[in-house]
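Here is a short set of questions and answers on how one sheet and its helices are arranged.

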Amino acid sequence: MVEQRYATLVRRAAYSAIAVAVCLILMKLYAWLVTHSNAMLATSTDSLLDLSASLVNFFMLRIALSPPDHDHKFGHGKAESLTGLAQSAFVLGSAILLVLHGIEATLSPTPIERSIVAVVVSILSVIITALLVAFQYYVVKQTKSTAIKADALHYQSDIAMNFGVLVSLLLSSSLFPEVDGIFTIAVGIWLMIGAVQIAKQSVDDLMDKELPDDEVASIKAIIANHERHLGFHQLKTRKSGYLRFIQFHLKMPNAMPLSEAHRIGEDIAIEIRAKLAPAEVLIHHDPT
């Protein structure tokens, strides 16, 4: 049931991101064609990047959500982390191009025509993107999806970016024409920072980094609250896509019947799975 809800939410988030990205690209490209604003070109490029990343998300999530098979008995969840790496590459390449274009625009600024069109498009972009980001973070809160969280980072930066475009348009049309190129450079640097963050999170998942401290603390507390065992050791945790993997050794009295030891371990596993669902829990019983 948990897995089905996870799949439904992340699919809806992926569909929504693609639809929003297409809408934003069409609006921003039109505004760039009629205004020749470098800032509008920058935000159009970012939206093209968002669409590419969202499409990668969509196809990779289909793989990540597929059930375990003969060759992948732990499932396909790490496809989400591979998606994050692909997104970081998209972001970094786009950011470098924007910085180079911004430098050229700063050195040779050009006037912006019909800036009212760009202003209206920017305001609409902020509203549409804010609604998408709110939904994405709701999905992230419910699922802890790395792919959706990475996608939300792109669109979250879009909100700040479009506010910056508004300021850039107002200043470059009258007081400070170079601000159009300067803003483009700032957007490129912003995206570079985001690319590093996405790549780090993806690598952490691929390298089987331990679960967050609060989740590990919850596991330890659940084990400690159960009686009749003599302690535990070798606790190991990791996350692959939506699924957490938890394993540890549970010390049991040597004279305790195996069936009783198994029942105690199963009670602990059930409570951990309920707290950190979806999760797989593997317990090795050590007679002491």
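Two strands count as paired if DSSP finds at least two bridges between them. The model is predicted.

Q: In which sense do β1 and β2 pair?
A: Strands of a sheet pair through backbone hydrogen bonds, either parallel or antiparallel. Strand β2 covers residues 243-252, and seven bridges join this strand to β1. One of the bridge partners is leucine 243 in β2, matched with serine 240. The sense of the β1 and β2 pairing is antiparallel.

Q: Which strands are the edge strands of the sheet?
A: The sheet is open, has mixed pairing and follows the order β1-β2-β3. An edge strand here pairs on one side only. The edge strands are β1 (232-240) and β3 (279-287).

Q: Which strands does helix α8 touch?
A: Helix α7 (residues 213-225) lies across β1 and β2, at about 140 degrees to β1. Helix α8 (residues 258-275) also packs on the sheet, with its direction at about 150 degrees to that of β3. The strands touched by α8 are β2 and β3.

Q: Are α7 and α8 roughly parallel or roughly antiparallel to each other?
A: The two helices, α7 and α8, pack with their axes 10 Å apart, at an angle of about 150 degrees. Angles over 145 degrees count as roughly antiparallel. Therefore α7 and α8 are roughly antiparallel.

Q: How many residues of the contact of α7 with α8 are nonpolar?
A: Helix α7 contributes Ser218, Ile219, Ile222 and Ile223, while α8 contributes Ile268, Glu271, Ile272 and Lys275. Of these contact residues, one is polar and two are charged. The nonpolar residues number five.

Key: Residues numbered from 1 in each chain as written. Predicted model: local features only at pLDDT ≥ 70, side-chain atom pairs only at ≥ 80, totals over all residues. Heavy atoms only, no water. Helix = DSSP H or I, 4+ residues; strand = E, 2+ residues; numbered from the N terminus. Contact = heavy atoms within 4.5 Å. Axes fitted to C-alpha atoms, helices over the stretch in contact; angles between N-to-C directions. Parallel < 35°, antiparallel > 145°, perpendicular 65-115°, else oblique. Nonpolar A, V, L, I, M, F, W, Y, C, P; charged D, E, K, R; others polar.
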